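Trainee: Please give me a close, slow look at just the salt bridges in this one. I'd like to see who pairs with whom.

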Amino acid sequence: MLNNFFNGRDWFGMELGLERVKSVLKKLGSPEKDLRFIHIAGTNGKGSCGAMLEAGLRGAGFKTGFYSSPHLVDFGERFRINSIPAKEADLEVIAGRIAEEKLTYFEFATVLAIL
């Protein structure tokens with residue numbers, strides 16, 4: 001169902017910058033300000049590096065959220081909390097909160113992950 005939601009939207013191409021994401025997050029009460037992030041970038045090894053880092057943080061007693069891009073099979077696999085994939089029904093509810101925003105595919109997924 002969530003895949004249908006994403007595949008059925010009109011996306012707004014590619015746009016550099018963070019202005020739209022910042023604007024949407026501000027409307028939503030700036031939820032990102034209550035979170036701490038580790039951004040893993042590069043060409044190879046991001047998934048395994050992220051998985052090891054996430055496992056180490058959980059082992060140290062931290063609650064973790066994990067957002068990866070792109071997904072392999074199902075859109076919902078991008079989002080995990082304490083290594084448990086987010087439930088599709090929960091993602092649909094959250095996606096509904098931002099459904100009317102004019103965002104690119106990646107911006108939408110990133111705001112969804114923050115929420």
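Mentor: Sure! Counting every side-chain nitrogen of Lys or Arg within 4 Å of a carboxyl oxygen of Asp or Glu, we get 3 salt bridges. Keep in mind that this is a predicted model, where local features need pLDDT of at least 70, side-chain atom pairs need 80 or more, and totals for chains, interfaces and linings use all residues. Numbering starts from 1 along each chain as its sequence is written, and side-chain values use heavy atoms, leaving out hydrogens and water.

Start with E107 and R20, whose side chains pair up at 3.1 Å, N to O. E107 sits in helix α5 and R20 in helix α2 (helices are DSSP runs of H or I, at least four residues, numbered from the N terminus), so this pair ties together parts 87 residues apart in sequence. Both E107 and R20 are buried, meaning under 20% relative accessible area, with exposed being over 50% and partly exposed in between (1.4 Å probe, protein chains only). They have company: R20, V21, V24 and L25 of α2 meet E107, V111 and I114 of α5, with heavy atoms within 4.5 Å.

Next, K27 and E101 join at 3.1 Å, N to O. K27 is in α2, while E101 is in the loop between α4 and α5, 74 residues away. K27 counts as exposed, at 58% relative accessibility.

Finally, R58 bridges to E54, with their closest N and O atoms 3.0 Å apart. These two share helix α3, 4 residues apart, or about one turn. R58 is partly exposed at 31%, whereas E54 is buried at 6%.
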